[in-house]
Amino acid sequence: MQKASVAHLAAASRQEAIAANDIQLLVLDIDGTIAGESNQIRPPVLQAIEAARAKGVRVAIATGRMYRSALRFHQAIASDLPLCAYQGALIKDPATQNVLRHLPVSRQLASQLLDYFEQSELRNLLSVHFYINDQLYVRELTEETKLYAQRSNIEPIAVGDLRNALGEEPTKVLALSDDSDLIARLHGSLQQQYTPAELYLTTSVATFFEAANPLVNKGTAVRYLAEEILGLQPSNVMTVGDNFNDVEMLAYAGIGVAMGNAPEKVQHFADWVAPSVEQDGVAAAIEEFILSQ
């Protein structure tokens, strides 16, 4: 379901689109959306989020990050809603510690993916991550994994053969490489091998390939928050994201906003393109669609 960008609509049509939406829920991605190079939320964005909350808008996080890595952002925006982590594979309420949804990857499929990643031509080019019980398991501590762990503020667990960690089903499987072309080829190849009914495959940044349960994506996570928890309709929802793993939630929401740093193909799914994360694009989007109404 692809939307035309509001940037290309006439002003009158844009105002009609805005007027038709009574935004009561704002859902935000983290990396590339509310957090840029600093790995922090800049004051103008925090102030805009607080102003939206003061108008009665509920605010939530939907991220590919681990729950434990995303929690400080959830707390920084003072969200009182469940946190959607791992592309929505885990939805957990920090206030009660209740897990509302957990949709893992089967052990069989995780093992198949590992076999693929460990082919001789790929083994030394990829860092493979298994996420189990909100812990990160890796074969070894590569430089890519160390940088990832530093940004995520987590401690990876090196286990050698990752099959040793498959006593339980992983919430998500990730393969990363600093070669974005390799990740793109990997994504394309695995899309040929697995149907959407078997695995949800996406890239959250150009160097991260991610695999999750086929029922998982940020769109279904946002729908759960909006419809099951708050009793809202898509027209009451605004989402903001910057990458391919955000496409489903941009398409679901009454107003889907892509960041200016988002790939052009992602921007095509949005109703409006905000300035980049380093230009406080989320603050501009909140001003445009919530505070000015």
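Q: Buried means under 20% relative accessible area, exposed over 50%, and partly exposed in between (1.4 Å probe, protein chains only). Why does A78 count as partly exposed?
A: The relative accessibility of A78 is 36%, so A78 falls between the two cut-offs. This is a predicted model, where local features need pLDDT of at least 70 and side-chain atom pairs count only at pLDDT 80 or more, while totals for chains, interfaces and linings use all residues. Residues are numbered from 1 along each chain as its sequence is written, and side-chain values use heavy atoms, leaving out hydrogens and water.

Q: Where does A78 lie, and what is its phi?
A: A78 is in the loop between α3 and β3. Its phi is positive, about 55°, although A78 is not a glycine.

Q: Why is Q97 called partly exposed?
A: Q97 has a relative accessible area of 46%, so it gets that label too. Q97 sits in the loop between β4 and β5, and its phi is near 70°, a positive value in a residue other than glycine.

Q: What makes β1 and β2 a pair?
A: Strands are DSSP runs of E, at least two residues long, and helices are runs of H or I, at least four, numbered from the N terminus. Two strands pair if DSSP finds at least two bridges between them. Here 4 bridges join β1 (residues 25-28) to β2 (residues 58-61), so they pair, and they run parallel. L28 stands opposite I61 in β2.

Q: Which way do the residues of β1 point?
A: L25 and V27 point one way, L26 and L28 the other, and all are buried.

Q: Why are β3 and β5 called edge strands?
A: Each of them pairs on one side only. The open sheet has 3 strands in the order β3-β4-β5, with antiparallel pairing. Strands of a sheet pair through backbone hydrogen bonds, either parallel or antiparallel.

Q: How do you know that β3 and β4 pair?
A: They share 3 bridges, so the need for at least two is met. In β4, K92 is the bridge partner of L83.

Q: What makes α3 a helix that packs on this sheet?
A: Helix α3 (residues 67-76) touches β3 and β4, where contact means heavy atoms within 4.5 Å. Its direction makes about 145° with that of β3; axes are lines fitted to C-alpha atoms, for helices over the stretch in contact, and angles run from 0 to 180 degrees between N-to-C directions. Helix α7 (residues 218-229) lies across β3, β4 and β5, at about 125° to β5.

Q: What makes a residue part of the lining of the largest pocket?
A: A lining residue has an atom within 4 Å of a pocket point. The pocket itself is an open set of points on a 1 Å grid over the protein atoms alone, where a 1.4 Å probe fits, with protein on both sides within 12 Å along at least five of seven lines. The lining has 30 residues, and D31, Y148, R151, V205 and F208 lie nearest the centre. Its largest share, 5 residues, comes from α5.

Q: Why are 12 of those lining residues called charged?
A: Asp, Glu, Lys and Arg count as charged; Ala, Val, Leu, Ile, Met, Phe, Trp, Tyr, Cys and Pro as nonpolar; the others, Gly among them, as polar. The lining also has 8 nonpolar and 10 polar residues.

Q: Which residues lie nearest the centre of the second largest pocket?
A: H187, Q191, Y200, L201 and E248 do, out of 13 lining residues. β10 gives the most, with 3 residues. By type, the lining has 8 nonpolar, 4 polar and 1 charged.
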